[in-house]
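Q: Hi, could you walk me through this structure step by step? I'm new to this, so plain sentences would help.

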Amino acid sequence: MPKMKSNSAASKRIRITGKGKLMQAGSSMRHNLEHKSARKKRALKADQVLAPAQAKKLKGMLSR
């Protein structure tokens, strides 16, 4: 039986921490940045931990 392929689109957007949590870059940092405050931009720059329900589905997509 052939190997399962991981979803390459998901692997480009998600990274796995040492403890197995899934991290993603947040949204709202692509455009319209001039009206956001510096404080807001700093907060949005940080990576976010995925919700457990999303993490379960994406682990399957990543063959984990």
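A: Let us begin with one term, since the rest leans on it: two strands count as paired if DSSP finds at least two bridges between them. In this predicted model, E1 and E2 are joined by 3 bridges and run antiparallel.

Q: Which residue in E2 is the bridge partner of Ile16?
A: The bridge partner of Ile16 is Leu22, which belongs to E2.

Q: And what lies between E1 and E2?
A: The two strands form a hairpin, with 5 residues between them, and in the turn Gly20 has a positive phi of about 100 degrees.

Q: Is Gly20 buried, exposed or partly exposed?
A: Gly20 counts as partly exposed, because its relative accessibility is 22% and the buried class is reserved for values under 20%. Gly20 also sits 39 residues from Lys59 along the chain, and the C-alpha atoms of these two are separated by 9.6 Å.

Q: OK, back to the sheet. How are the strands ordered?
A: The sheet is open and has 3 strands in the order E1-E2-E3, with antiparallel pairing. Strand E1 (14–16) and strand E3 (47–49) stand at the edges with a single partner strand each, so one side of each has no neighbour in the sheet. Neighbouring strands are turned by 35 degrees against each other on average, if direction is ignored.

Q: What holds strands of a sheet together in general?
A: Strands of a sheet pair through backbone hydrogen bonds, in either a parallel or an antiparallel way.

Q: How many bridges are there between E2 and E3?
A: Strand E2, which covers residues 22–25, pairs with E3 over 3 bridges in the antiparallel sense, and Ala25 stands opposite Asp47 of E3.

Q: Zooming out, what is the order of helices and strands?
A: The protein has 3 helices and 3 strands, and starting from the N terminus the elements run α-β-β-α-β-α.

Q: What does the overall shape look like in numbers?
A: The C-alpha trace spans about 55 × 25 × 20 Å along its principal axes. The radius of gyration is 15 Å, whereas a compact globule of 64 residues would have one near 11 Å.

Q: How much of the protein is buried?
A: Buried residues make up 17% of the 64 residues, and the accessible surface comes to about 5800 Å², with 53% of that area belonging to carbon and sulfur atoms.

Q: Which residues make up the largest nonpolar core?
A: That core has 7 residues, namely Ala10, Ile14, Leu22, Leu50, Ala55, Leu58 and Leu62.

Q: Let's follow Leu62, then. What does Leu62 touch?
A: Leaving aside residues up to four places away in sequence, Leu62 touches Ser6, Asn7, Ala10, Ser11, Ile14, Ile16 and Leu22. For the protein as a whole, among contacts between residues at least 6 apart in sequence, 58% join residues at least 24 apart.

Q: New topic: you mentioned a positive phi. What sign does phi have in most residues other than glycine?
A: Most residues other than glycine have a negative phi. Asn32 is not a glycine, and still has a positive phi of about 60 degrees, while Ser63 is another non-glycine residue with a positive phi, near 60 degrees.

Q: Where are Asn32 and Ser63 placed?
A: Asn32 is in the loop between E2 and helix H2 (38–45), and Ser63 lies in the segment after helix H3 (52–61). Asn32 is partly exposed, with a relative accessible area of 47%, and Ser63 also counts as partly exposed, at 41% relative accessibility.

Terms used. Residues numbered from 1 in each chain as written. Predicted model: local features only at pLDDT ≥ 70, side-chain atom pairs only at ≥ 80, totals over all residues. Heavy atoms only, no water. Helix = DSSP H or I, 4+ residues; strand = E, 2+ residues; numbered from the N terminus. Rg over C-alpha atoms; globule rule 2.2 N^0.38 Å. Buried < 20%, exposed > 50% of the residue type's maximum accessible area, 1.4 Å probe, protein only. Contact = heavy atoms within 4.5 Å. Areas by Shrake-Rupley, 256 points an atom, 1.4 Å probe, with all protein chains shown as cover. Core = buried A, V, L, I, M, F, W, Y, C linked by side-chain atoms within 4.5 Å. Axes fitted to C-alpha atoms, helices over the stretch in contact; angles between N-to-C directions.
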